[in-house]
Amino acid sequence: MSTIKIKQIKSRIGAPADQKKTLDALGLRKLNRVVEYEETPSILGMIEKVKHLVAIVK
């Protein structure tokens with residue numbers, strides 16, 4: 001499978017608790033942090049849940 005890079009582009013302040021936990025699970029605890037994961041359905045589902053807070057980095 002291919003890898004995907006995810007960057008947090010918006011603050012988690014004011015986000016619901018479940019979205020904050022999703023960001024924590026992705027390893028995104030600070031603004032502008034970039035993490036890399038295998039592109040699996042579970043990771044894509046987490047990205048979909050917080051798509052307004054993150055961006056896919058090429």
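In these legends, two residues are in contact when heavy atoms of one lie within 4.5 Å of the other's. The model shown is predicted.

**View 1. The whole chain holds two helices and three strands.** Follow the sequence from start to end and you meet the pattern β-α-β-α-β. The C-alpha trace spans about 35 × 20 × 15 Å along its principal axes. How does the radius of gyration of the chain sit with that of a compact globule? For 58 residues the globule value would be near 10 Å, and the chain has 10 Å, so the two agree. Of the contacts with a separation of 6 or more, 70% link residues 24 or more positions apart. As for the surface, the chain exposes about 3900 Å², with carbon and sulfur atoms supplying 56% of that area. Buried residues make up 28% of the 58 residues.

**View 2. The three strands make an open antiparallel sheet in the order β2-β1-β3.** The edge strands here are β2 (34-38) and β3, each of which pairs on one side only. On average, neighbouring strands in this sheet are turned by 35° against each other, direction ignored. Strand β1 (residues 3-8) is joined to β3 by four bridges, and five bridges join β1 to β2. To find your way around, look for two facing positions: Ile-6 stands opposite Val-35 in β2, and Gln-8 stands opposite Val-54 in β3.

**View 3. Side chains alternate along β1.** Which residues of β1 point to the buried face? Those are Ile-4, Ile-6 and Gln-8, while Thr-3, Lys-5 and Lys-7 point to the other face and are not buried.

**View 4. Both helices lie across the sheet strands: α1 (residues 17-26) lies across β1, β2 and β3, and so does α2 (residues 41-49).** Their angles are given against separate strands. Helix α1 runs at about 75° to β2, and helix α2 runs at about 25° to β1.

**View 5. The largest nonpolar core has 12 residues.** You'll find Ile-4 and Ile-6 here, together with Ala-15, Leu-23, Leu-26, Leu-28 and Val-35. Ile-43, Ile-47, Val-50, Leu-53 and Val-54 complete the set. Which elements give two or more residues to this core? They are β1, α1 and α2. In soluble globular proteins, nonpolar side chains tend to be buried together.

**View 6. Leu-26, one of the core residues, is shown with its surroundings.** Neighbours within four places in sequence are left aside here. Beyond them, Leu-26 is in contact with Ile-6, Val-35 and Tyr-37, as well as Ile-43, Met-46 and Val-50. Among these partners, Ile-6, Val-35, Ile-43 and Val-50 also belong to the largest nonpolar core. Two of them, Ile-6 and Val-35, are the residues that stand opposite each other in β1 and β2.

**View 7. Ala-55 is found in strand β3 (residues 54-57).** Is Ala-55 buried, partly exposed or exposed? Its relative accessible area is 25%, so Ala-55 counts as partly exposed, since that class runs from 20% to 50%. Leaving aside neighbours within four places in sequence, Ala-55 is in contact with Lys-5, Ile-6, Lys-7 and Ile-9. Among those partners, Lys-5 and Lys-7 point to one face of β1, and Ile-6 to the other. For scale, Ala-55 and Asp-18 are 37 residues apart in sequence, and their C-alpha atoms are 18 Å apart in space.

Definitions and conventions:
Residues are numbered from 1 along each chain as its sequence is written. This is a predicted model: local features need pLDDT of at least 70, side-chain atom pairs count only at pLDDT 80 or more; totals for chains, interfaces and linings use all residues. Side-chain values use heavy atoms; hydrogens and water are left out. Buried means under 20% relative accessible area, exposed over 50%, partly exposed in between (1.4 Å probe, protein chains only). Two strands pair if DSSP finds at least two bridges between them. Axes are lines fitted to C-alpha atoms, for helices over the stretch in contact, and angles run from 0 to 180 degrees between N-to-C directions. A nonpolar core is a set of buried Ala, Val, Leu, Ile, Met, Phe, Trp, Tyr and Cys residues joined through side-chain atoms within 4.5 Å. The radius of gyration is taken over C-alpha atoms; the globule rule is 2.2 Å times the number of residues to the power 0.38. Accessible areas come from the Shrake-Rupley method with a 1.4 Å probe; for residues, only the protein chains shown count as cover.
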